[in-house]
Amino acid sequence: MRERLIEQLPQTIGDSEALEPVQREEFLVYLMGPYRTFDVETLLPTDTEREPDVPSFATWNETSGDYAEDEVLRLLQETRDCLRDRGFNAFLAIDVGISLDEMDAATQSIAFAQASNATIFLAPQVGDNLGVGIEIGSVLEDLLSADEMQGPAAEATPPDRSRRMMVAAEPSVRSAMLRSVHARWDASVRTFTDAGDCCRLCAQFCTHIQNEELYGSLSRLD
């Protein structure tokens, strides 16, 4: 998947527009966020007890949040462009050009996160039904499948890959999933106040991961 992403992002494929080449094309940054509809059933393990009314990003109450759907997408795109201006090969799922007939949305999220040097989930305050756990849960469930992650959170040993993941949320966002991201997976959870702050926060995280690959304990991805 890494090779496919690096090859396809600078191309126009289907509805996805070509992205300008970047200095560090092999440093992939997958940006996730509540800007498209997901099938909740495909994001949960087969033995999960399902609530009758699981909130969805597609059903948020725009009047009670700070963003409408197109504004969330714009924030994701601005953050992507900001990171690309700094040389990181940042992308959204819709930039890749893989049809849902070939690969469903949940599988795409897992595959993109596995292939990326860093994965960032942006969680702006979009209303009562934010449902942060729906998309991010698919990636975290993939991490949870490791033997070291079975059992209580206090006894779990998150894989190194969880260090490559950050959640950036507005201060007003509250979610049990956000609280568990750090407690169980030891991933970073940070807050941002506006688009400029979000850009700086994400760029700092990507620089940190890059330095960890070059000089620290994270392996470089081939």
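Begin by selecting Tyr-30 and Phe-112 in this predicted model, where Tyr-30 is buried and Phe-112 is buried as well. With both side chains shown, look at how the two rings meet: their centres are 5.4 Å apart and their planes stand at 80°, so the pair is edge-to-face, since planes over 60 degrees apart are given that name. Now colour the elements that carry them, and you will see that this pair links distant parts of the chain, with Tyr-30 in strand β1 and Phe-112 in helix α3 (residues 105-115), 82 residues apart. Add Phe-91 to the selection, because Tyr-30, Phe-91 and Phe-112 form one aromatic cluster by the ring-centre rule.

Next, stay with strand β1 and select Phe-27 together with Phe-88. In the model there are 4 aromatic pairs, and one of them is formed by Phe-27 and Phe-88, a tilted pair with 5.3 Å from centre to centre and 55° between the planes. This pair, too, links distant parts of the chain, as Phe-27 belongs to strand β1 (residues 24-32) and Phe-88 to strand β2 (residues 88-91), 61 residues apart. Both Phe-27 and Phe-88 are buried. Before leaving, display Arg-24, which lies over the face of Phe-88 at 4.9 Å from the ring centre.

Finally, move to helix α6 (residues 195-215), whose 21 residues reach 30 Å from the first C-alpha to the last, close to the 30 Å expected. At the start of α6, select Asp-194 and Gly-196, and find the side-chain oxygen of Asp-194 that reaches to within 3.2 Å of the backbone nitrogen of Gly-196. Then pick out buried residues along α6, among them Cys-198, Leu-201, Phe-205 and Ile-209.

Note on methods:
Residues numbered from 1 in each chain as written. Predicted model: local features only at pLDDT ≥ 70, side-chain atom pairs only at ≥ 80, totals over all residues. Heavy atoms only, no water. Helix = DSSP H or I, 4+ residues; strand = E, 2+ residues; numbered from the N terminus. Expected span 1.5 Å × (residues − 1). Buried < 20%, exposed > 50% of the residue type's maximum accessible area, 1.4 Å probe, protein only. Polar contact = N/O pair within 3.5 Å; in protein donor to acceptor, adjacent residues only side chain to side chain. Phe/Tyr/Trp six-rings, centres within 6.5 Å; stacked < 30°, edge-to-face > 60°. Lys NZ or Arg CZ within 6 Å of the ring centre and 35° of its normal.
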